[in-house]
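Grab a pencil and work through these exercises one at a time. Try each task yourself before you read the solution below it.

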Amino acid sequence: MKRVATALMVLVVTASIAPAALAGSTASTNAKQASGQAYAGTHVSFDAENSAVTDYAVRGETMFDSLKVQSASEVESGGLVDVGASLSAVTRIDGAGLSVGATTKTEARVRAESGATVTAHDNGHGVLVVESNKSNYAVANLSAGANASAESESQVEVTTENGTEGTFLVVGEGNVTVNDDGDVTAHLGEDGRLVFRSYPEGKDESDDEQETLIAEGDAKAETYVMAENASDGDSASGNVVVDTVSYDQNTTVETEQTAEGTVTLAVNRTTHEGTVLITSVSENVVNASEGVAVSVDGEAAVEAATYSQLKSAVGSEQSRYMLQSEGSASADASADVLVAVNHFSERTVSMQSASSNETTTETTDDGQTADDTQTADDTQTTDDGETTGETNTTTVVDDETDNGATVPGFTAATAVVALLAAALFARSR
C-alpha cells in the first residue's frame, strides 16, 4: 500500500471565510445564545458583557478572564496612553460596546462599536480572531495564576494555572506584548488580526510550526473538518461540520464534498499567489493513520519532507503537502494536513484516506473488469484418451451485468448446475 502522508492542509489561505458545514450554516443545536450575550458551543463558551468578552473557555477551562477592544484614537485621546509610551504600558482600556451577532454551527461573531469584529471558532483549538478595520487596541486580562511570556513582537505564549497552553498571535499590521500588569496587550493596524489558539491536549513542535506559518503570513486560512458529537436527543449526530478561519481578505474556503474517507474543499483567492492551507481533519472522517492522499485540481500533490520544501512549493510548478501529526488517541482525535497550493485563483483541494482508495479488481478475457471473476474450463476427455474437442468456458461474475442490467437468477449455484449438466452430457457421448 502506498502511504501518502498528508497534513491537514496548510493551505493557509487568506480567507474572509464563511464557515461551511455539511448540514448547512444554521444555528447549531449545540451552540446556543442566552439573553443574546452568552455563547456555549461544543468546544468554546464565553459571555459578552457590555464592553468585554469574558470567561473565554475552551473545553471547560477558562483561558482568559476578559478581552476588550477599543479604537486607538479613543484610547489615546482619553488619556489612557501617554504620548510616546511603549505598548507594554497599555494595561487598561475602557473597551467599545459589544453585541453578539449571528451564530452558526462553528462560530459566534461579536461586533464592537469601534468597527472591530471578534469571532470565536468552535473547534478543538478554540480559535478566536479579532479583526481590525482601523487602528485598535486589544487588552486580554488573564485568569488568576496564569502567566505570559513574549516570544516576539507578534507572539505571546500564555499558560493557565492548570498548565494549559495558549498563544496570542498578530497577523498582518500590528504587534503584541506582555503588559506591565502581566496581561496581554496588542496594537492592530488596518487589516491587522489578533489570533488566539489554545492547546487543551498539550502543545508540541508541530503546533509551533503552524503558529509561525500563520504569524508570518505563509498560511492564510485554517480549516477544521469535525465529526459532530452525538448529543442527547440529537438525531443529526454523526454529521460532519467544517469550520474555516480566515487570516486575510483575499481567500475563501468552502466545502465542496464531504463523505466518509474523503474531503474536498473549494479554495479561491483574488490573487495569483499560492498559499498554505492548514487543515485539521477528524479521524472519524478521514482515517489518516494509514496515510492520506492529497490532490489539487485532480493532480496528486508531492509529499514534502521539510517545512522549507512545503513553503517552496508556493510559486512553483507543483503543489506539496505534509502530514504533520495524527493527534491523540481520544475519540475526537484528528490529523493535521498542511497543503501548499502553488498558485491560484480557483483550486480544488481533495484529501482521501489511503485505505478508502484501495480497490481489488480482476480482468476477464475480453478485457472487461469485474469483481470476483471465476473461470471454469470444461474440456472433457473420453475413455480412449481423446478429447471431445469441446471447451466450455464459464465465467461467473457476481452481480455483474450486460450493459448495466443484472442477469436475473444467475448465481454461483446456477453455474454449478450448468457445469454438472455439461459433464453428464459429454460422458453420455
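**Exercise 1. Get an overview of the chain.**
Find out how much area the protein chain exposes and what it is built from.

*Solution.* Keep in mind that this is a predicted model. Start with the surface: about 19700 Å² of the protein chain is exposed, and carbon and sulfur atoms supply 43% of that. Next, go through the secondary structure, where you should find four helices and 33 strands. Then look at burial: of the 429 residues, 47% are buried. Last, take the contacts with a separation of 6 or more: 64% of them link residues 24 or more positions apart.

**Exercise 2. Decide whether Arg 347 is buried or exposed, and list what it touches.**

*Solution.* Step one is to place the residue: Arg 347 sits in strand β27, which covers residues 346-353. Step two is the cut-off: buried means under 20% relative accessible area. Arg 347 has 10% relative accessibility, so it counts as buried. Step three is the side chain, which reaches the backbone oxygen of His 343 at 2.6 Å. Step four is the wider surroundings: skipping neighbours within four places in sequence, the contacts of Arg 347 include Leu 265, Val 296 and Asp 297.

**Exercise 3. Trace the open sheet of eight strands and find its edges.**

*Solution.* Walk across the sheet and you get the order β6-β7-β8-β9-β16-β13-β12-β11, with antiparallel pairing. Now check the two ends: β6 (98-103) and β11 (147-152) each have a single partner strand, so one side of each has no neighbour in the sheet. On average, neighbouring strands here are turned by 20 degrees against each other, ignoring direction.

Zoom in on one pair: β12 (residues 155-159) and β13 (residues 165-171) run antiparallel and are joined by five bridges. Within this pair, Gln 155 is opposite Leu 169 of β13. Finally, add the helix: α2 (residues 205-215) lies across β12, β13 and β16, at about 20 degrees to β13.

**Exercise 4. Look at the phi values of Arg 59 and Asp 297.**

*Solution.* Take Arg 59: its phi is near 55 degrees, a positive value in a residue other than glycine. Arg 59 is in the loop between β4 and β5, and at 35% relative accessibility it counts as partly exposed.

Now do Asp 297, which you met among the contacts of Arg 347. Phi of Asp 297 is also positive, near 55 degrees. The loop between β22 and β23 holds Asp 297, and with 42% relative accessibility this residue counts as partly exposed.

Note on methods:
Residues are numbered from 1 along each chain as its sequence is written. This is a predicted model: local features need pLDDT of at least 70, side-chain atom pairs count only at pLDDT 80 or more; totals for chains, interfaces and linings use all residues. Side-chain values use heavy atoms; hydrogens and water are left out. Buried means under 20% relative accessible area, exposed over 50%, partly exposed in between (1.4 Å probe, protein chains only). Contact means heavy atoms within 4.5 Å. Accessible areas come from the Shrake-Rupley method with a 1.4 Å probe; for residues, only the protein chains shown count as cover. A polar contact is a pair of N or O atoms within 3.5 Å; within protein, one must be able to donate a hydrogen and the other to accept it, and residues adjacent in sequence count only if both atoms are side-chain atoms. Two strands pair if DSSP finds at least two bridges between them. Axes are lines fitted to C-alpha atoms, for helices over the stretch in contact, and angles run from 0 to 180 degrees between N-to-C directions.
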